[in-house]
Amino acid sequence: MAPDTAPANDRRNSQRLSEALEKLQGLLGDRMSTSQAVRDQHGQGEDHFRIAAPDGVAFAESTEEVSQIVKICAEHELPVIAWGTGTSLEGHVQALHGGITIDLSGMNEVLEVSSEDGDCMVQAGVTRKALNEHIRDTGYFFPVDPGADASLGGMAATGASGTNAVRYGTMKENVIGLTVVMADGRVMKTGGRARKTSAGYDLTHLIVGSEGTLGIITEVRLRLYGVPEKIAAAVCQFDDLAGAVETVQQTIQMGVPVARMELVDDVQLQACIDYSKLEGFEAKPTLFFEFHGTENGVAEQAEIVEALAMDNSGGAFQWTAKAEERTKLWEARHNAYYAALAHIPGKSGWSTDVVVPISRLAECIVATKDDIGASDLYSPICGHVGDGNFHCCIMVDLDNAEEMARATAFNDRLVNRALDMGGSCSGEHGVGMSKIGHMRKEVGEEAYEVMQQLKRALDPQNIMNPGKVAPV
């Protein structure tokens, strides 16, 4: 028999993995998969990064199972990556060092709905659409809407927001409690039923936005909101991009409580027209509005915003109050990413986002639009501009080194432009592994070191989604 010449570390790692997989198989049976197809599926989100597959995928169905899985992985020093629906955009789910991905999609029960208190408790795998369907007859809805039908656990983990954030806030404002499995398998519960507390450290919001690097969210308690008496949507097209963004700034500065205010530039709208078969629109900078409130309140809001738009080269509002027409309109906006992919077949979409103070929004978007032209890139712009957040979807050939270099340089300029204006490298996508290089500039050296100290304290083995946010 030939001697084993593999390096000692490789042999130990292989042995640890084999032992862990055997225990996980015993725990989960056929819900523990090492199939290459399943591993590849869980080695990439909806981003432009290449697949980095885990060594195995564990399909959990309870907090207790997640705890047991994490304990096994901790015992054998294996990385652990949480998975919801795979819609992340910054490399959050790539298994950079192998290990075990825990798929939480089977944890899809709405555990509790309190109509009296206007909150609910859900398992992490429940999606936002499933929750709203479940509570449809209660008079409540959950407003955070990132576009994709993402899992609520994943949305909490990334601090997601979306089209309604300008009025209802992001996940950070709407998560009031969590159940979290920590790096050693302990189960921690945070928050409570009360609407506020001043007791102790805010552990809930330490975990929200931590992207699975400090613990795995298995249950989420959320705020709910009453369904408005009146909902109306409108579209307004502009002669130039600056006029559209000026309308946004003035609307916010006047305190109009608009529920949604979405921007698409001319390039993005053309892609949406082709992909979603939108009729009656030209390929021009366009704002999508939605107004919530009473009959009179909605009419008053709309009158103010329409007047602002017309003063900024905008045309008359195109209205829709029917639910099915509103749904079609917002589906077209939500499908902007897929519309861009379809417009340039064969390329991958590098979707990036930044956020700036409202006062600098017009300046930042116009400068970015000019930079796209100078960089000779196809990159539509859209965004939740009511809170200063916008996206560029850079279409790239991953095998074209020169094009990738241009795209990377453009993205770096975009982020630095936002940071120099007092903004952030991400308004809703999160950091993942994509924005790590900008974190020190954004938060400062001292704050970055504190992040790393928190990581070491809560995950001393560095097994929780290693290589993301603030690597140690």
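Strands S5 (residues 110–114) and S6 run antiparallel and are joined by four bridges; strands here are DSSP E runs of at least two residues and helices are H or I runs of at least four, numbered from the N terminus, and two strands pair if DSSP finds at least two bridges between them. The model is a predicted one, in which local features need pLDDT of at least 70 and side-chain atom pairs count only at pLDDT 80 or more, while totals for chains, interfaces and linings use all residues. Residues are numbered from 1 along each chain as its sequence is written, and side-chain values use heavy atoms, with hydrogens and water left out.

Within this hairpin, Val113 stands opposite Cys120 of S6. Four residues lie between the two strands, and Gly118 takes a positive phi near 65°. On S6 there is a second pairing, with strand S10 (residues 215–223), antiparallel over five bridges; here Val122 faces Val220 of S10. Five of the five residues of S6 (residues 119–123) are buried, so the strand is largely enclosed by the rest of the structure. Buried means under 20% relative accessible area, exposed over 50% and partly exposed in between, with a 1.4 Å probe and protein chains only. Asp119, Met121 and Gln123 cover one side of S6, and Cys120 and Val122 the other.

Turning to the open sheet, seven strands follow the order S15-S12-S14-S13-S17-S18-S16 with antiparallel pairing. Its edges are S15 (318–320) and S16 (348–355), each pairing on one side only. Neighbouring strands are turned by 20° against each other on average, direction ignored. At the S16 edge, eight bridges link S16 to S18 (residues 389–396) in the antiparallel sense, with Gly349 bridged to Met395 of S18. Helix H9 (residues 241–253) lies across S13 (260–264) and S14 (286–293), at about 165° to S13. Helix H11 (residues 295–311) lies across S12 (230–237), S14 and S15, at about 155° to S14.

Two helix pairs are worth a look. Angles run from 0 to 180 degrees between N-to-C directions, and axes are lines fitted to C-alpha atoms, for helices over the stretch in contact. H10 (residues 266–276) and H13 (residues 336–343) pack at about 85°, with axes 8 Å apart, and are therefore roughly perpendicular; angles under 35 degrees count as roughly parallel, over 145 as roughly antiparallel, 65 to 115 as roughly perpendicular and the rest as oblique. Their contact (heavy atoms within 4.5 Å) includes Tyr275 of H10 and Tyr338 of H13. H16 (residues 436–443) and H17 (residues 445–458) pack at about 125°, with axes 6 Å apart, which makes H16 oblique to H17. Among the residues in that contact are Arg440 of H16 and Glu445 of H17.

The largest nonpolar core, a set of buried Ala, Val, Leu, Ile, Met, Phe, Trp, Tyr and Cys residues joined through side-chain atoms within 4.5 Å, has 50 residues, with Phe289 and Phe390 making the most contacts inside it. Helix H15 (residues 401–420) gives the most to this core, seven residues. Beyond its neighbours within four places in sequence, Phe390 is in contact with residues including Val354, Leu361, Ile381 and Leu414. Apart from this core lies another, of 27 residues, among them Val144 and Leu152.

Leu329, found in helix H12 (residues 323–334), is buried, with a relative accessible area of 6%. Not counting residues up to four places away in sequence, Leu329 touches Ala233, Val235, Phe281, Phe288 and Thr320.
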